[in-house]
Amino acid sequence: MNTVLFVKANDRPMERSVSVKMYEQFLRSYKESHPHDTITEIDLYEVPLPYLGNKVIDAGNKAAKGLPMTTEERTLQRFVSSKLEQFISADKVVFAFPLWNLSAPAVLHSYLDYMHHPGKTFSYSEEGATGLLTDKKVALLNARGGVYAEDDRFEMAVNFVINHLSFFGITDITTCVIEGHHEFPDSGEKIIREGLQQVEEVAAGF
Ligand SMILES: Cc1cc2nc3c(=O)[nH]c(=O)nc-3n(C[C@H](O)[C@H](O)[C@H](O)COP(=O)(O)O)c2cc1C
């Protein structure tokens, strides 16, 4: 029995969002095929995620050093830490997000900021930084209107997330992308239908 964390980084309604459709399809298919797993969902737009900045950094530093903290710092630290521990303890994590303006939504950036914690997600040794989450399995569900080559430097959503996860030592990453439905509007419906079919199959085998 596995614990699975579903992270949704898109607050658009499902009927107008391909990545939310992917999320729901994956979730339904996964639940059917893995009825005994424990699933937790987190909607990154539902709770305000404080930006990484002086307050969050100071709160983290003070907590690490056991220094006195203000009530606000304690609240911030507990929030960030709860998201970090939830991510670390999941056997599998599924992220769903769109490509907007070449990048991932800002909430996903904030969420990934919280995951950078020396001693928990990576550590430093003589060889440099080493990721510590080597056993975690991840699926990425992404929708983008244009078509991008894998090494396209303008694609900073999937590549952005994969780079963060790789830094944490995660290598088992399955990526589902539905793309080109804006660039090729005549085939848009077909692209989405076939992409969702693939998502269903990937979820069943994840
Ligand atoms: C604000 C905004 C910015 C977008 N920027 C890009 C972009 O830079 N490149 C691209 O290929 N598509 C872009 N698109 C199209 C989206 O990638 C496409 O609508 C995709 O389906 C988004 O996922 P969603 O349907 O789950 O919201 C953009 C769409 C929106 C609404």
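UniProt positions are given here in the numbering used for this model, feature names are shortened, and annotations may be inferred rather than shown by experiment. Welcome to the tour! What you have open is a predicted model, in which local features need pLDDT of at least 70, side-chain atom pairs count only at pLDDT 80 or more, and totals for chains, interfaces and linings use all residues. Residues are numbered from 1 along each chain as its sequence is written.

**Stop 1: the annotated domain**

Select residues 3-201, which UniProt lists in an unreviewed entry as "domain: Flavodoxin-like fold". Over this stretch the chain is 40% helix and 22% strand, and its end C-alpha atoms are 20 Å apart. Helices (H or I, at least four residues) and strands (E, at least two) are DSSP runs, numbered from the N terminus.

**Stop 2: the five-stranded sheet**

Now colour the strands β2, β1, β3, β6 and β7, which in that order form an open sheet with parallel pairing. Two strands pair if DSSP finds at least two bridges between them. At the edges sit β2 (38-43) and β7 (172-179), each pairing on one side only. From one strand to the next, the twist averages 15 degrees, with axes being lines fitted to C-alpha atoms and angles running from 0 to 180 degrees between N-to-C directions.

Zoom in on β1 (residues 3-8) and β3 (residues 92-98): these parallel strands are joined by five bridges. To see one partner pair, pick V4 and then K92 in β3.

**Stop 3: a hairpin**

Next, select residues 122-125 and 128-131, which are strands β4 and β5, paired in the antiparallel sense over four bridges. The hairpin that joins β4 to β5 does so through two residues. Click S125 and you will find G128 of β5 opposite.

**Stop 4: around the ligand**

Show the ligand and the 16 residues that surround it; the closest are S19, P98, A143, G145 and G146. A residue counts as near a molecule if its C-beta atom, placed from the backbone, lies within 6 Å of it. Two elements, α1 (18-33) and β6 (137-144), give two or more residues to this shell. Its largest share, three residues, comes from α1.

Colouring by class gives seven nonpolar, seven polar and two charged residues in the shell. Here Ala, Val, Leu, Ile, Met, Phe, Trp, Tyr, Cys and Pro count as nonpolar, Asp, Glu, Lys and Arg as charged, and the others, Gly among them, as polar.

**Stop 5: S17, V18 and S19**

Stay here and select S17, V18 and S19, which the unreviewed UniProt entry annotates as "binding site". V18 lies in helix α1, and so does S19.

Is V18 buried or exposed? V18 is buried, because 26 other C-beta atoms lie within 10 Å; the cut-offs are 20 or more for buried, 12 or fewer for exposed, and partly exposed in between, with C-beta atoms placed from the backbone. Not counting residues up to four places away in sequence, V18 touches A143, I178, H181 and I192, where contact means C-beta atoms, placed from the backbone, within 7 Å.

S19 is buried too, with 26 other C-beta atoms within 10 Å. Leaving aside neighbours within four places in sequence, the contacts of S19 include N10, A96, P98 and A143.

**Stop 6: V80**

Finish at V80 in helix α3 (residues 71-89). V80 is buried, since 23 other C-beta atoms lie within 10 Å. Beyond its neighbours within four places in sequence, V80 is in contact with V56, G60 and Y114. For a last distance, pick the C-alpha atoms of V80 and S110: they are separated by 10.0 Å, with the two residues 30 apart along the chain.

Conventions. Two residues are in contact if their C-beta atoms, placed from the backbone, lie within 7 Å.
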